[in-house]
Amino acid sequence: MKLWGGRFTKETNELVHNFNASIGFDQKFYRQDIRGSIAHVTMLAKQGILTEAEKDTIVAGLTGIEKDITDGTLVIDGTQEDIHSFVEANLIARVGEVGKKLHTGRSRNDQVALDMKLYIRDEIVSIDELLLSLLKELHHLMKENINTYMPGFTHLQKAQPVTFAHHIGAYFEMFKRDCSRLSDVKSRLNYCPLGAGALAGTTYPLDREYTASLLDFTGATLNSMDSVSDRDYLIELLSALSTIMMHLSRFCEEIILWNSNEYRFITLDDSYSTGSSIMPQKKNPDIAELVRGKTGRVYGALVSILTTMKGLPLAYNKDMQEDKELTFDAIDTVKGCLALFTGMISTMTVNAPAMEASAKNGFTNATDAADYLVNHGVAFRDAHGIVGQLVLFCEQRGIALDDMTLEEYQAISPVFEADIFNAIRMETCVTKRNTLGAPGPAAMEQVIEQNEAYLKQRQ
């Protein structure tokens with residue numbers, strides 16, 4: 001059954017039908033389609049457009065269809081053009097002529113706009129839950145590693161000592177903002193397009209605000225043309241998903257580096273690693289690499305819909321059907337990556353001694369040696385030059401600043417005294433940095449406390 005066949009005298013060419021059909025992918029939101037239809041007929045009955053008996057018959061039919069699809073009794077096949085046609089055809093087959101009244105005061109344009117918004121709203125909740133699980137795991141890692149010293153990097157060069165908790169905390173902030181972005185998208189999309197018709201509303205006395213309330217929307221959309229041609233919420237969603245993937249990809253890049261023989265900062269669990277078909281010693285970080293690789297797939301979805309929408313005049317155009325497959329794929333990709341990434345970091349082993357040794361051997365305490373001189377009356381520019389000489393001395397001998405003798409220090413600058421060794425210890429370098437947001441334990445405890453409150457509020 002086609003919803004538009006009355007003025008046509010020929011059957012649609014099979015290739016045209018297949019090219020035009022969307023049921024292969026829009027069947028994903030059969031629940032949302034049925035939920036929207038139930039709300040629509042409930043409103044029609046309230047307005048006296050349908051009788052209560054007609055409404056009850058249609059609702060019972062729709063409820064039965066949803067149950068049968070869910071339990072596999074009713075299989076969605078390719079004989080219908082889209083999920084809307086499939087549901088309506090099955091409804092008419094079950095309840096008879098009254099089923100033909102389902103579409104009163106409604107177009108497929110506002111119907112598909114509604115279904116997509118309902119589906120995206122549900123998926124945002126699912127993605128947010130996965131982000132929350134990741135945040136909890138990051139929070140756990142932070143609490144466990146307040147005193148795990150490691151090098152902080154700029155330009156991928158060792159810079160200053162930090163802690164693993166501090167490093168992980170940077171990602172906690174990123175993913176927390178990702179949750180906020182999703183919340184913003186959900187808030188802006190949460191206006192109901194049903195009742196907009198094809199583009200110019202309808203002559204039926206619909207109560208659009210009532211329909212919106214039945215479907216838990218903030219309200220009804222205020223322009224019928226915008227209602228059916230608006231896809232900017234999908235662009236916002238795909239932008240937010242791309243940002244999530246970017247954050248995951250950056251983290252995965254570090255996991256890959258840290259897991260290498262050169263770093264040995266962490267060890268990935270066997271259950272989240274794979275081997276080589278030819279090299280028996282290999283243990284590869286394939287999950288991290290795949291997450292990093294799939295980031296481009298989500299970026300592609302964002303660029304695709306931006307390109308699709310950039311030249312479309314108002315109102316609805318068939319081009320917009322292209323929004324579904326790429327959005328569905330991006331959502332599934334992000335959900336899978338979040339779940340796997342969280343599992344991967346929850347099972348990895350942190351090698352604290354290797355991290356601290358790397359920090360010591362990379363002169364990450366050089367800035368603190370310069371600060372020591374400044375605190376003893378040396379101008380910073382002179383202190384900078386003196387410590388540069390210290391580093392050169394150590395590099396020529398293959399040692400760390402911690403390994404120099406006091407006599408060697410004083411040969412370069414007599415300002416140094418025996419307390420220099422305490423001043424450049426990893427623990428000292430980190431502990432004295434206690435401004436809010438710094439890696440010192442007092443600062444980290446303050447941040448962890450705020451994170452605890454955030455996570456508790458999110459429960």
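# A tour of the pockets, a helix and some cysteines

A search of the whole structure, which is a predicted model, turns up one cavity of 30 Å³ or more. Start there.

**Stop 1: the cavity.** Select Phe-153, Leu-156, Glu-254, Leu-257, Trp-258 and Tyr-263, which line the largest cavity. The space they line has a volume of about 40 Å³. Colour these residues by class: five are nonpolar, none is polar and one is charged. Helix α10 provides the largest share of this lining, with three residues. Keep Glu-254 selected, since this residue also appears in the lining of the second largest pocket.

**Stop 2: the second largest pocket.** Add His-166, His-167, Ala-170, Tyr-171, Met-174, Arg-250 and Glu-253 to Glu-254, and the lining of the second largest pocket is on screen. Its volume is about 210 Å³. Now show the helices as ribbons. Two of them, α7 (164-189) and α10 (232-258), each supply at least two residues of this lining. Which helix gives the most to it? That is α7, with five residues. By class, the lining of this pocket divides into three nonpolar, two polar and three charged residues.

**Stop 3: the largest pocket.** Next, select Asn-259, Ser-260, Asn-261, Arg-264 and Lys-283. Of the 14 residues that line the largest pocket, these are the closest to its centre. The pocket holds about 330 Å³ of space. Its lining has four nonpolar, six polar and four charged residues.

**Stop 4: helix α6 and the loop before it.** Select residues 108-144, which make up helix α6. The helix has 37 residues and runs 54 Å from its first C-alpha to its last, close to the 54 Å expected at 1.5 Å a residue. Is α6 mostly covered or mostly bare? Switch on a surface to see that α6 is mostly covered, with 26 of its 37 residues buried.

Zoom in on the N-terminal end of α6, where Ser-107 acts as the cap. A side-chain oxygen of Ser-107 lies 3.0 Å from the backbone nitrogen of Asn-109. Then step back to Thr-104, in the loop between α5 (83-95) and α6. Thr-104 counts as buried because its relative accessibility is 17%, and the cut-off is under 20%. A polar atom of the Thr-104 side chain is 2.7 Å from the backbone oxygen of Lys-101.

**Stop 5: the cysteines.** How many disulfides does a search of the whole structure find? The search finds zero. Two cysteines are worth selecting in turn.

Show Cys-337 together with Cys-252. The sulfur of Cys-337 has its closest cysteine sulfur in Cys-252, 7.7 Å away, which is too far for a bond; a disulfide needs the two sulfur atoms within 2.5 Å. Cys-337 counts as buried, at 4% relative accessibility.

Move on to Cys-394 and Cys-429. Why is there no bond between these two? The closest cysteine sulfur to that of Cys-394 is in Cys-429, at 14 Å, so the separation is too far for a bond. Cys-394 is also buried, with a relative accessible area of 0%.

Terms used: Residues are numbered from 1 along each chain as its sequence is written. This is a predicted model: local features need pLDDT of at least 70, side-chain atom pairs count only at pLDDT 80 or more; totals for chains, interfaces and linings use all residues. Side-chain values use heavy atoms; hydrogens and water are left out. Helices (H or I, at least four residues) and strands (E, at least two) are DSSP runs, numbered from the N terminus. The expected span of a helix is 1.5 Å times one less than its number of residues. Buried means under 20% relative accessible area, exposed over 50%, partly exposed in between (1.4 Å probe, protein chains only). A polar contact is a pair of N or O atoms within 3.5 Å; within protein, one must be able to donate a hydrogen and the other to accept it, and residues adjacent in sequence count only if both atoms are side-chain atoms. On a 1 Å grid over the protein atoms alone, a cavity is a set of points where a 1.4 Å probe fits but cannot get out, and a pocket is an open set with protein on both sides within 12 Å along at least five of seven lines; lining residues have an atom within 4 Å of a point. Grid points are joined across faces, edges and corners, and a volume is the space filled by probe spheres set on the points. Ala, Val, Leu, Ile, Met, Phe, Trp, Tyr, Cys and Pro count as nonpolar, Asp, Glu, Lys and Arg as charged, and the others, Gly among them, as polar.
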